[in-house]
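Here are my notes for when you sit down with this one. Keep the viewer open and work through the points one by one.

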Amino acid sequence: MFDELRRELYDFYLHGDAERAKAFADKCYAIMDERFVDGMSVTEQKLLQYDVITECFEPKIFRNTPFFYETGVLTSLSDGARHAKGHSFVQANGWVYNRNKHLFIDQDKALYERKKAHSREMLYLICGPYNDTSQHFNFNCRPFLKIGAGGIYEKAKRKLSHTKNEGEREFLEAVCHGMLSLKHMAEKFAKKADLMLESENDPECRKNLALIADTAKRIPWEAPKTFYEALATLSFLRTAMGSLEGVGPNTFGRLDKDLISFYKSDIEKDILTKEQAYALICQFLLIWDCHYDHDMPMEGYADHELENTYTLGGCDDNGAPLYNELTELFLQATNEHKIIFPKIKCRFSKDSPKEYLDIINKSIIDGITTVLLQNDDATIPALLRAGRPLREARDYMVSGCWDIVTNQEKSDHGSYLNLLKPFEFSLHNLQDKMDAVGIRFECFDECKSFEELYGKTLHNCELLLDAKLEVQTKGGQIFHKVDRFPIFSSTLEGCLENRADFTVGGAKYHDDYQLLFGFPNIVDSLMAIKTLVFDRKRYSLAEYLHAVRSNWEGYEKMRLEALHCHGWGDGNEDSCALANRFNNDLYEIFSRKTGMYGGKVHMGHLTYTEIRWWGEKTLATPDGRRSGDYFSQGLTPSRLKKIPCVNDVINSLAALDPSTMAANSVVNIILPSKIPLEGCEGFLRAAADSAIQSLQLNCTSKKELLDAQKHPEKYQNLIIRVTGFSAKFTSLSKGWQDEVISRNFYE
């Protein structure tokens with residue numbers, strides 16, 4: 001039924017994609033440069049960008065679907081972020097940012113060089129000069145579903161009479177301008193559909209075109225009235241907002257919660273059947289999943305990353321489990337068509353309905369892992385402790401890779417803090433590296449006790465955090481001088497109320513999110529040193545440090561002893577106690593800090609593909625890890641610890657306080673491929689009582705993966721959760737396949 005749509009989509013997205021976007025960018029840049037007038041404010045520049053893109057884009061309508069969305073402004077791998085992924089050009093939506101980005105550097109060149117030095121040494125990651133300037137934008141579609149762009153326009157217009165200064169007036173007028181731009185873009189789709197109808201003979205295609213011609217005249221200016229119109233609104237906004245704004249709108253929201261009223265109304269009015277709704281959902285998902293070739297080799301940093309997500313399940317506003325017909329239909333469509341993008345984020349708890357968990361688990365057990373599981377019982381307490389009211393905490397979404405987001409803030413969830421770097425600098429006494437980054441970490445050589453060494457470890461972590469916050473705070477305050485985001489800000493709760501863009505503090509919250517890297521390796525290292533040096537006194541600290549600094553060469557016996565010490569994830573009382581202590585102490589440090597925007601600083605434990613790229617450039621550690629070996633991902637136990645039973649991992653995670661991790665945490669678990677459905681359900685309910693937040697669950701075996709390496713033709717449907725995304729195992733490079741195969745496989 002959907003073969004023609006697949007062929008039509010692939011024919012467009014896999015041929016001439018970058019050339020089209022580049023030609024369009026060149027055309028728009030020439031016009032915008034010509035129309036630019038000296039003295040234009042950043043907001044005026046942004047409105048010029050809106051106007052030129054709206055005028056110049058040519059809608060692309062696919063005959064085999066009733067959804068209209070493709071503007072031709074972006075490359076197929078772009079989520080709206082301005083740089084053309086995989087290509088060396090900036091798309092048309094990056095004109096304003098590209099013109100002004102030099103301000104980040106010019107304001108303080110010494111600061112920028114310091115930040116570059118920190119980046120070279122992999123102390124931390126920021127998705128931008130000082131701010132996350134192009135990704136992880138949790139676009140709130142709900143106002144468009146409730147009142148439409150026209151309603152947002154009228155809301156902003158009413159507030160114009162209450163402005164206190166020119167900045168407020170300019171923002172509100174820009175919101176109005178942005179809503180009109182979206183209206184004009186949609187109307188161009190309606191005209192294009194009318195034109196195509198003149199020569200279209202296929203009855204089904206004519207039906208699609210007629211629906212587009214009618215709907216695009218009204219949507220998104222008017223709020224949708226039907227289930228189809230709601231999906232059409234979401235599909236249009238996904239690309240239109242990214243095309244105009246120059247940032248990636250990373251989530252469609254909570255689809256089973258936000259769309260159920262449209263679905264029920266259509267069913268009650270007898271204008272839609274469940275089968276018709278399912279067909280619409282399948283088409284909606286396919287138009288995003290067919291943006292790239294799933295067999296494309298995955299070799300680099302984020303080759304298979306589209307940053308396109310939606311959330312299912314969880315709980316309703318009263319805390320009751322949310323599972324309805326739309327939850328079922330979206331899961332069914334994802335499983336039937338093996339949809340990888342949009343990424344599907346499934347919230348669960350110990351009270352989740354069995355039917356819900358079964359439909360998720362059936363796919364995972366079958367070797368098709370396209371789902372990220374997010375534990376409500378750990379996540380909601382973290383949001384409450386972070387200061388969110390219960391209504392907001394219950395209504396959270398998961399965006400991007402693992403971003404816990406609400407509709408009240410734009411959070412920087414691509415902000416990693418590499419705790420292993422100060423640990424490495426201190427272990428290996430890298431004075432030259434400390435000079436290069438301008439941070440004097442305390443070395444361990446003279447430590448007389450474990451408590452002294454532990455204290456220095458914690459102190460060094462705080463030094464790194466302070467250095468990052470200082471750089472971000474000093475450098476990031478001029479974001480509003482580089483770019484503005486009126487369309488995005490208009491739906492972020494607080495911005496219209498405060499009559500201010502989020503870049504100038506218009507949103508309700510201004511918190512920072514720091515994602516910690518290296519927790520399991522540090523805990524294991526501390527346990528090994530405590531056990532072998534200070535408790536058993538098997539070696540002096542000098543001997544142990546010398547072995548680590550020698551990359552364990554000539555010290556294999558000592559290394560094996562380190563590997564056999566208790567460590568994170570093995571369920572041992574001592575290792576659990578140390579991990580809990582370290583996590584709580586880190587939380588206390590973070591709770592004392594003020595973030596870049598003047599808000600709180602929240603922590604989590606997450607790692608993307610840096611488990612390879614940063615691991616390859618990090619020296620040996622006391623847990624027995626050699627130079628260049630992989631890191632652990634998030635809170636996942638080290639692959640150096642061969643922990644056979646998954647219950648030990650769950651028990652270890654139950655020792656941590658999940659409320660300390662408002663920035664989220666991630667754990668990788670691989671269970672046997674033949675696990676029964678009831679066993680998988682029981683595992684999830686047990687996991688819900690631990691500190692697991694984001695769970696990346698695969699069900700396979702090392703034997704199966706090794707065979708897939710040798711005989712890829714037999715495993716074309718094997719989909720693995722790799723890191724912040726899923727991919728066909730056969731599309732992974734040998735290096736990435738080996739990384740997955742090296743993970744822990746549990747009973």
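Are H2 and H3 parallel or oblique to each other? Keep that in mind for point 1, and remember throughout that you're looking at a predicted model.

1. **H2 against H3.** Helix H2 covers residues 17-35 and helix H3 covers residues 42-56. Their axes come within 10 Å and cross at roughly 135 degrees. Angles over 145 degrees would count as roughly antiparallel, and 65 to 115 as roughly perpendicular. The angle here falls in neither range, so H2 and H3 are oblique to each other. As for the hand of the crossing, it is right-handed.

2. **Who touches whom there.** From H2, the contact uses Phe24, Lys27, Cys28, Ile31, Met32 and Arg35. H3 answers with Leu48, Gln49, Val52, Ile53, Glu55 and Cys56. Sort these residues by class and you get eight nonpolar, one polar and three charged. Try colouring them that way on your screen.

3. **H1 against H14.** Now go to helix H1 (3-13) and helix H14 (274-289). The axes of this pair also come within 10 Å, and they cross at roughly 25 degrees. Anything under 35 degrees counts as roughly parallel, so that is the word for H1 and H14. H1 passes H14 in a right-handed crossing.

4. **The H1 and H14 contact.** On the H1 side you'll find Leu5, Arg6, Leu9, Tyr10 and Tyr13. On the H14 side, look for Gln283, Leu286, Ile287 and Asp289. By class, this contact has six nonpolar, one polar and two charged residues.

5. **The largest pocket.** How much space lies in the largest pocket? About 900 Å³. Its lining is made of 38 residues, and those nearest the centre are Ala81, His83, Cys127, Ser134 and Gln135. Three helices each supply at least two lining residues: H4 (95-100), H5 (102-106) and H6 (109-120). The lining breaks down into 19 nonpolar, eleven polar and eight charged residues.

6. **The second largest pocket.** This one has a volume of about 580 Å³. It is lined by 23 residues, with Glu204, Lys207, Asn208, Leu280 and Gln283 closest to the centre. H1, H10 (203-215) and H14 each give two or more residues to the lining. You have already met Gln283, since that residue of H14 also takes part in the contact with H1. By class, the pocket lining has eleven nonpolar, five polar and seven charged residues.

7. **The largest cavity.** Next, the enclosed spaces. How many cavities of 30 Å³ or more does the structure hold? There are five. The largest cavity contains about 130 Å³ of space. Its lining has 14 residues, and Ser78, Arg238, Thr239, Trp288 and His291 are the closest to the centre. Five of the lining residues are nonpolar, six are polar and three are charged.

8. **The second largest cavity.** This cavity has a volume of about 110 Å³. It is lined by 14 residues, and nearest its centre lie Thr636, Pro637, Asn668, Arg743 and Asn744. Which strand gives the most to this lining? Strand S11 (residues 666-671) does, with three residues. The class count reads five nonpolar, six polar and three charged.

9. **Two cis peptide bonds.** Have a look at the bond from Ile219 to Pro220, which is cis with omega near 10 degrees. Pro220 lies in the loop between H10 and helix H11 (227-245). The bond from Phe341 to Pro342 is cis too, with omega near 5 degrees. You'll find Pro342 in the loop between helix H15 (325-337) and strand S4 (343-348).

10. **A backbone angle to check.** Arg499 isn't a glycine, yet its phi is positive, at about 55 degrees. This residue sits in the loop between helix H24 (495-498) and strand S9 (512-517). Put it on your list of places to zoom in on.

How values were computed: Residues are numbered from 1 along each chain as its sequence is written. This is a predicted model: local features need pLDDT of at least 70, side-chain atom pairs count only at pLDDT 80 or more; totals for chains, interfaces and linings use all residues. Side-chain values use heavy atoms; hydrogens and water are left out. Axes are lines fitted to C-alpha atoms, for helices over the stretch in contact, and angles run from 0 to 180 degrees between N-to-C directions. Helices (H or I, at least four residues) and strands (E, at least two) are DSSP runs, numbered from the N terminus. A crossing is left-handed if the near helix is turned anticlockwise from the far one by less than a right angle, and right-handed if clockwise. Contact means heavy atoms within 4.5 Å. Ala, Val, Leu, Ile, Met, Phe, Trp, Tyr, Cys and Pro count as nonpolar, Asp, Glu, Lys and Arg as charged, and the others, Gly among them, as polar. On a 1 Å grid over the protein atoms alone, a cavity is a set of points where a 1.4 Å probe fits but cannot get out, and a pocket is an open set with protein on both sides within 12 Å along at least five of seven lines; lining residues have an atom within 4 Å of a point. Grid points are joined across faces, edges and corners, and a volume is the space filled by probe spheres set on the points.
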